[in-house]
Every structure is written in structure tokens, then in C-alpha cells.
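Hello, and welcome to this structure. Here are a few notes to help you find your way around; please keep the 3D view open as you read.

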Amino acid sequence: MTQLDGVVKPKTKRSKRFLESRAPKLTEDVKTAMIMKGGNTSQTVTQALKDIYALKKPNAVLYKKKNITRPFEDSTSLEFFSKKTDCSLFLFGSHNKKRPNNLIFGRLFDFHVLDMVELGIEKFVSLSDIKASKCPEGTKPMLVFAGEAFDTDNEHKRLKSLLIDFFRGPTVPAVRLAGLEHVLHFTALEGKIYLRSYRCLLKKSGCRTPRIELEEIGPSLDLVLRRTHLASDDLFKLAHRQPKALKVKKKKNISRDVFGTKFGRVHMQKQDLSKLQTRKMKGLRKRRGVVVSEDQDGQAAKVAKVDG
């Protein structure tokens, strides 16, 4: 590939296909996460990174070598690796005396850090410690957020948005009932965030709707919020912009509810109820030669008999 005036021109078909895969699209590819550890880590952090990588596969890249960097001080190395592997999400693990068992969740916009949230691990139970059957690789999880802080506090709101971006998986048009088997539950309570992972079991209930039971499969993390690096409101709004081609054009008299159900309003002309065809009954049939009229009380009365 040659670079001329800031424009990269491909020389071969392979490089052309590579540039086309990295070019902006109307519908972007599934977001990939890079998971890496810093220069100094603990066994808890290393195992937590491996377990989160197991939940995120196959849309993740795990770096096994140490990377001596500090994202809050200098994020250039993260941006370099992001551009190299085409990843828009990252998880960085480190450990030191000041901030032990440290995890940094973050995302990038246009290969620049958009926002980062630093969380400390206070209690950790790995996947291997819980003896239960696990969900298959690549299972799209159901995300549940509990706690008032996720709706009121600005930092927790951004953390919720970041976690949804990180764990949501691919966008699918439909999901079968048996595919809803993995649940990730986040609880914000008293300044801490509790992450729990469950497997959804469908049991017989004696009727058409199955009975649902939750079985914990791990990992289990008790986290505490530390430092944050949040994007400005203008940059955050710019990162959420959608192309005009993807915006749904509003149609007259058609609306949808929160569940996506489509409602339509039909406008009709005024109906003449006197010509409305009703069920024929023998008692309501008009007799030949009798004119029927209604009096003021709305009751039918015989007026006259026409000579025939």
C-alpha cells in the first residue's frame, strides 16, 4: 500500500480487501474487545481477565504478554493496539499497592479513547471454582441492571452504557426461547457493583410456558468504583450519531410501543347506520301495506293502512 497526501492507495487485491473491511459501513461489524494486562498483575486479575475473555469469545482478543502502560496517564499504546486489531472496546488489568486488583473497562471512538471506568476487585470467584455446566461459546447474554444508582448517578449511567456495549454481543433479528440461557446480572448497592453470571434452566411446569430456574455458573465479582474518565456531552453525542440512511422515516398514522408492536390508525368515512345490514328476524319484518313510523318516545306505531 502507498500513502499519498494522507490517502492510502492499495497495490494488491489483498490490501484492497483489507482497506474495504476497515472502511466505515452503514451497519458496523460486531464490536471486538482487546483484553490485556499491565506490567504488574496478581493471580486474581489474571484469572478474572481469562474468565471475562471466556464470556466475550469469539469477539475478543486476549494478549498474554505484559504491556507496561497506564491508560489514565497515557493512552497512546491502547489506541495503537486498537487500530492494529480493529477493536473498539478494551479491558486492562493491573495490580499495585495503591490500587490492588484493578480492572479498567473502556471504549474507543475513531481509535481514540472515549471513556474509561476503573473498578477494583474486592471478591472474586472464578468459572472453574463453581462446578456447574457452562453456556456454549458465543452465547448472547441477557443483561439485567438492578439498583437506583444506574438511573440517577451520572457515572453509573455511563458505566451501565459501557457494560452494555461490552457484553451485548451481536445484533440479531430474532432469538429462540432455548437460546435465552445466559444471564449477566449487575447490582449497584451501597457504592459497590456486584456482577453475577447465571445459566437459565427451562423446567417442566405442566403448561405451555416453562418454569425458569437460575443456576450460578460464574464468574462472580464484587467491584468498587474508583477513577473515571468520561467523554464530554458533545463528544458522547457525536459518537452516537447514526447515518441518515439508517434512520427510520416516520410514517403517518403508524406507531410502535416500547416492545416494538406496530399499531396503525385507519380513517373511514362516516357510516350511515340506517343502511346497516343486521340480522333478520321474523318479528322485525315489515308487513305488507303498513307504514311504520316512530313516535316521540322512540316506539314504533302503525299510522295508516294503504288501500291496495
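The numbered points below go through charged patches, a helix, salt bridges, a strand end and a nonpolar patch.

1. Before anything else, please keep in mind that this is a predicted model. The values quoted in this note are computed from that predicted model.

2. A good place to begin is the surface around helix 1. Lys-13, Arg-14, Lys-16 and Arg-17 come together there as a patch of positive charge on the surface. Lys-13 belongs to helix 1, which covers residues 13-22. With a relative accessible area of 69%, Lys-13 is exposed, because exposed here means over 50%.

3. Next, turn to helix 3, made of residues 76-85, where Leu-78, Glu-79, Phe-81 and Ser-82 are buried. When you look down the axis of helix 3, these buried residues fall within an arc of 165 degrees, so they line one face of the helix. What sits on the face turned away from the buried side of helix 3? There you will find the exposed residues Phe-80, Lys-83 and Lys-84. Notice that a nonpolar residue name, Phe, turns up in both lists: Phe-81 is buried, while Phe-80 is exposed.

4. Now for the salt bridges: how many does a search of the whole structure find? The search gives 12. One of the salt bridges joins the side chains of Arg-227 and Glu-73, at 3.7 Å from N to O. Arg-227 is in strand 12 (residues 220-229) and Glu-73 is in the loop between strand 4 (60-66) and helix 3, so this pair ties together parts that lie 154 residues apart in sequence. As for their surroundings, Arg-227 is partly exposed at 27% relative accessibility, whereas Glu-73 is exposed at 56%.

5. Another salt bridge to look at pairs Asp-115 with Arg-107, whose closest N and O atoms are 2.9 Å apart. Are these two partners buried or exposed? Asp-115 has a relative accessible area of 1% and is buried. Arg-107 is buried as well, at 4% relative accessibility. Both values fall under the 20% cut-off for buried residues.

6. Lys-160 and Asp-151 form a salt bridge too, with 3.9 Å between the closest N and O atoms. Lys-160 is partly exposed, at 25% relative accessibility, and Asp-151 is exposed, at 52%. Elsewhere, Lys-31, Arg-107, Asp-115 and Asp-165 are joined into one network by salt bridges that share partners.

7. For a brief stop at a strand, find Gly-264 in strand 14, which runs over residues 262-264. Gly-264 is exposed, with 63% relative accessibility. Its C-alpha atom is separated by 9.9 Å from that of Lys-251, and the two residues are 13 apart along the chain.

8. Finally, have a look at a nonpolar patch on the surface. Val-172, Val-175, Leu-177, Leu-180, Leu-202, Ile-212 and Leu-214 form this patch, and together they have about 610 Å² of accessible area. Leu-202, one of these residues, lies in strand 10, which covers residues 192-203. At 38% relative accessibility, Leu-202 counts as partly exposed.

Technical notes: Residues numbered from 1 in each chain as written. Predicted model: local features only at pLDDT ≥ 70, side-chain atom pairs only at ≥ 80, totals over all residues. Heavy atoms only, no water. Patch = residues over 30% accessible without salt bridge, like charges linked within 9 Å, V, L, I, M, F, W, Y side chains within 5 Å. Areas by Shrake-Rupley, 256 points an atom, 1.4 Å probe, with all protein chains shown as cover. Salt bridge = Lys/Arg side-chain N within 4 Å of Asp/Glu carboxyl O. Lys, Arg positive; Asp, Glu negative; His and termini not counted. Charge placed at Lys NZ, Arg CZ, Asp CG, Glu CD. Helix = DSSP H or I, 4+ residues; strand = E, 2+ residues; numbered from the N terminus. Buried < 20%, exposed > 50% of the residue type's maximum accessible area, 1.4 Å probe, protein only. Arc of directions from axis to C-beta.
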